[in-house]
Amino acid sequence: MTASPPSRASGGTTGIREGRHDRRHDRHDLSGAAQEYLLALRVMAVDGRHVTAAQVGRHLGVSTQAASEMFRRLAADGLVSQADGRELVLTDAGRAAADGIFRRHALLEWLLTAVVGLGWAESDEEAARLQGAISPRVETRLDEMLGHPETCPHGNPIDASTARRRPAGVLLSKMDAGTRATVYRITEEAEEDPALLSYLEARALTPGAHITVLARSESLDSLTLEGPLGRATLGLRPASLIHVLPGDADPALFHHVPVARS
């Protein structure tokens, strides 16, 4: 998922829209800029990585000063805390809000890919534009219409509780030649690379696809596999952003949007 640069128009407001003082932190009451920062921190801190305001600023295309100021506001609202050094950590409330934002983004991606027919990279960009605009009522209706997905179209769990009860998978980059596997999920970090997303989609290397690793070379920094549309080659770095499950995975792990009945 790509986090878009926050609107400069929100620079003079707090993370929560003015007039709200009850500290409930409903994600629908967060400003668009605050949502972008929380979502960026959630994405960047995946797998225990340490994240600073400067890193989030670079990610969003804003200055370190602007990012630090926003995180001070989010900390004052109880959504972010600062650990040892300059590391930023989502609080329980912040994680819940960020999961809610991610959930709306994921629902929109399912709608745009499975119903509207956009590609992965384009749907990610469009979902980032729309995620702050849909109401709770529309969100609920989308969830029902799309069959209550537990992941985004790339296979990433829609919230923390879902992540805890799904298998972790193994890195494609670690698979040996001759092994068979099922593509499980394209990590959130990989979602930040539109070219990679487009390549994987074009080669049908999507969650649920069966693959066989044909060759893996540390010296050549490459991995060649046989997929649904023939051979595909990836660098080991991009391959490390893809999780697979050895052999034939349980089909129930992969969501399919229900076919609309006429």
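1. The largest nonpolar core of this predicted model holds 29 residues, and the members that touch the most others are Y37, L38, V56, F71, L74 and V80. Two or more residues come from each of α1 (32–44), α2 (53–60), α3 (64–76), β2 (88–90) and α4 (92–116), and the most come from α1, which gives 8 residues. Apart from this core lies another, made up of 23 residues, with L197, L200, A209 and V213 among them. As general background, nonpolar side chains in soluble globular proteins tend to be buried together.

2. On the ring contacts, the count comes to 2 aromatic pairs. One of these joins Y37 and F71 in an edge-to-face arrangement, with 5.5 Å centre to centre and 90° between the planes. The pair links distant parts of the chain, since Y37 belongs to helix α1 and F71 to helix α3, 34 residues apart. Both Y37 and F71 are buried, and both are also listed among the core members that touch the most others.

3. Y184 and F254 form an aromatic pair that is likewise edge-to-face, at 6.4 Å centre to centre and with 85° between the planes. Because Y184 lies in strand β4 (residues 180–186) and F254 in the segment after β8 (242–246), this pair ties together parts that are 70 residues apart in sequence. Y184 and F254 are both buried.

4. A contact between a charge and a ring should be noted as well: the charged end of R42 sits over the ring of F102, at 4.1 Å from the ring centre.

Conventions: Residues are numbered from 1 along each chain as its sequence is written. This is a predicted model: local features need pLDDT of at least 70, side-chain atom pairs count only at pLDDT 80 or more; totals for chains, interfaces and linings use all residues. Side-chain values use heavy atoms; hydrogens and water are left out. A nonpolar core is a set of buried Ala, Val, Leu, Ile, Met, Phe, Trp, Tyr and Cys residues joined through side-chain atoms within 4.5 Å. Buried means under 20% relative accessible area, exposed over 50%, partly exposed in between (1.4 Å probe, protein chains only). Helices (H or I, at least four residues) and strands (E, at least two) are DSSP runs, numbered from the N terminus. Rings of Phe, Tyr and Trp (its six-membered ring) pair if their centres lie within 6.5 Å; planes under 30 degrees apart count as stacked, over 60 as edge-to-face and the rest as tilted. A charge sits over a ring if NZ of Lys or CZ of Arg is within 6 Å of the ring centre and within 35 degrees of the ring normal.
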